[in-house]
Amino acid sequence: MKLLFIGDIVGRSGRKAVKNHLSHNQYDFIIGNVENSAAGFGITDKVYHELKDTGINAMTAGNHTWDKKETLSLINNWDVFIRPANLSNKLPGAGYKIFDVLNKKICVINLIGRVFLYTSNCPFETFNNIYKEIPDDAFVLVDFHGEATSEKQAFGYFAKGRANVICGTHTHVQTNDLKMIDTNTLYITDAGMCGAEYSVLGMEAGSIIERFITQIPHRFTVETKGNIMFNGFSFTIDDDNIIRDYKLISEIYPEEEM
């Protein structure tokens with residue numbers, strides 16, 4: 001079975017990059033982080049269904065989960081959407097879901113880090129609690145949405161041997177450390193992003209530069225000009241859930257292909 005994890009999808013440019021990469025879909029199961037997919041902040045019902053139609057089978061989120069008002073009322077209708085599990089249990093939605101794929105159980109867990117992000121419950125303890133609930137034969141993938149590389153790396157070593165894949169998201173810059181950190185735990189600090197190549201984390205550079213210089217808030221807008229990039233990684237699993245043939249993916253699509 002071949003699986004694909006897609007790094008943070010940023011706005012229209014990111015969605016186009018995903019469509020380009022999946023135009024000849026060669027995967028049995030696809031997970032994508034979608035928390036920036038609607039104009040760079042959150043997700044809408046329209047974008048949810050657009051990405052699902054593109055071929056994404058499980059969608060994870062992060063600190064921008066609730067940026068669009070409609071999410072609170074619609075999240076329970078989105079059957080493949082997973083919000084961070086270590087948020088208040090009073091919030092709607094699920095922090096993990098188990099998918100049946102080709103006679104396998106694939107458990108996708110979404111966690112959010114606490115360093116430099118808003119207050120949340122401990123992701124380490126939350127993982128421990130979830131792990132007790134999932135079937136022993138499930139293949140476990142964790143999207144750890146965090147700012148600090150140290151927190152993500154620490155979680156990797158904490159959960160190795162239990163989680164089969166631990167992929168960091170949120171910082172939008174792909175790290176060159178996709179590796180096995182246990183006999184069957186694949187890890188990467190950040191899967192990167194899908195969006196405009198010449199941008200600041202998928203956004204137009206001008207307003208962000210002004211904010212750094214003046215310290216005055218500016219509205220950030222998704223960059224839609226120039227080349228678009230696709231970041232993620234793929235891997236295969238055999239009948240015994242053993243990971244094989246893992247590789248980073250970083251593709252650039254010229255502007256004329258948009």
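Hi everyone. Before we look at anything, one term: a pocket here is an open set of grid points where a 1.4 Å probe fits, with protein on both sides within 12 Å along at least five of seven lines. Please also keep in mind that this is a predicted model.

With that term in hand, let's start with the pockets. The largest pocket has a volume of about 490 Å³. Which residues lie nearest its centre? They are F41, H64, H170, L201 and F220, and they belong to a lining of 18 residues. If you sort that lining by class, you get 8 nonpolar, 7 polar and 3 charged residues.

Now the second largest pocket, which holds about 190 Å³ of space. Its lining is made of 14 residues, and Y131, D136, A138, R162 and N164 are the closest to its centre. Here the classes come out as 5 nonpolar, 5 polar and 4 charged.

Let's move on to the sheet. Six strands make it up, and if you trace across it you meet them in the order β6-β7-β8-β9-β11-β10. The sheet is open, and its pairing is mixed. Which strands sit at the edges? Those are β6, residues 96-101, and β10, residues 179-182, each of which pairs on one side only. On average, neighbouring strands are turned by 25° against each other, if we ignore direction.

Stay with β10 for a moment. This strand runs antiparallel to β11, residues 185-188, and 3 bridges join the two. If you would like a spot to find on screen, look for K179, which stands opposite Y187 in β11.

Next, the helices that go with these strands. Helix α4, residues 123-131, lies across β6, β7 (104-112) and β8 (139-145), and it runs at about 160° to β7. Helix α5, residues 149-159, packs on the sheet too, touching β7, β8, β9 (165-169), β10 and β11. The direction of α5 makes about 170° with that of β9.

One last topic: salt bridges. How many does a search of the whole structure find? The search finds 6. Let me show you one of them, between K52 and D79, where the closest N and O atoms are 2.8 Å apart. Why pick this pair? K52 is in helix α2 (residues 45-54), while D79 is in the loop between α3 (70-74) and β5 (81-82), so the contact ties together parts that are 27 residues apart in sequence.

That's my tour. Thanks for listening, and feel free to turn the model around while we talk.

Key
Residues numbered from 1 in each chain as written. Predicted model: local features only at pLDDT ≥ 70, side-chain atom pairs only at ≥ 80, totals over all residues. Heavy atoms only, no water. 1 Å grid on protein atoms, 1.4 Å probe; cavity = no way out; pocket = protein on both sides within 12 Å on 5 of 7 lines; lining within 4 Å. Points joined across faces, edges and corners; volume = space filled by probe spheres on them. Nonpolar A, V, L, I, M, F, W, Y, C, P; charged D, E, K, R; others polar. Pairing = 2+ DSSP bridges. Helix = DSSP H or I, 4+ residues; strand = E, 2+ residues; numbered from the N terminus. Axes fitted to C-alpha atoms, helices over the stretch in contact; angles between N-to-C directions. Contact = heavy atoms within 4.5 Å. Salt bridge = Lys/Arg side-chain N within 4 Å of Asp/Glu carboxyl O.
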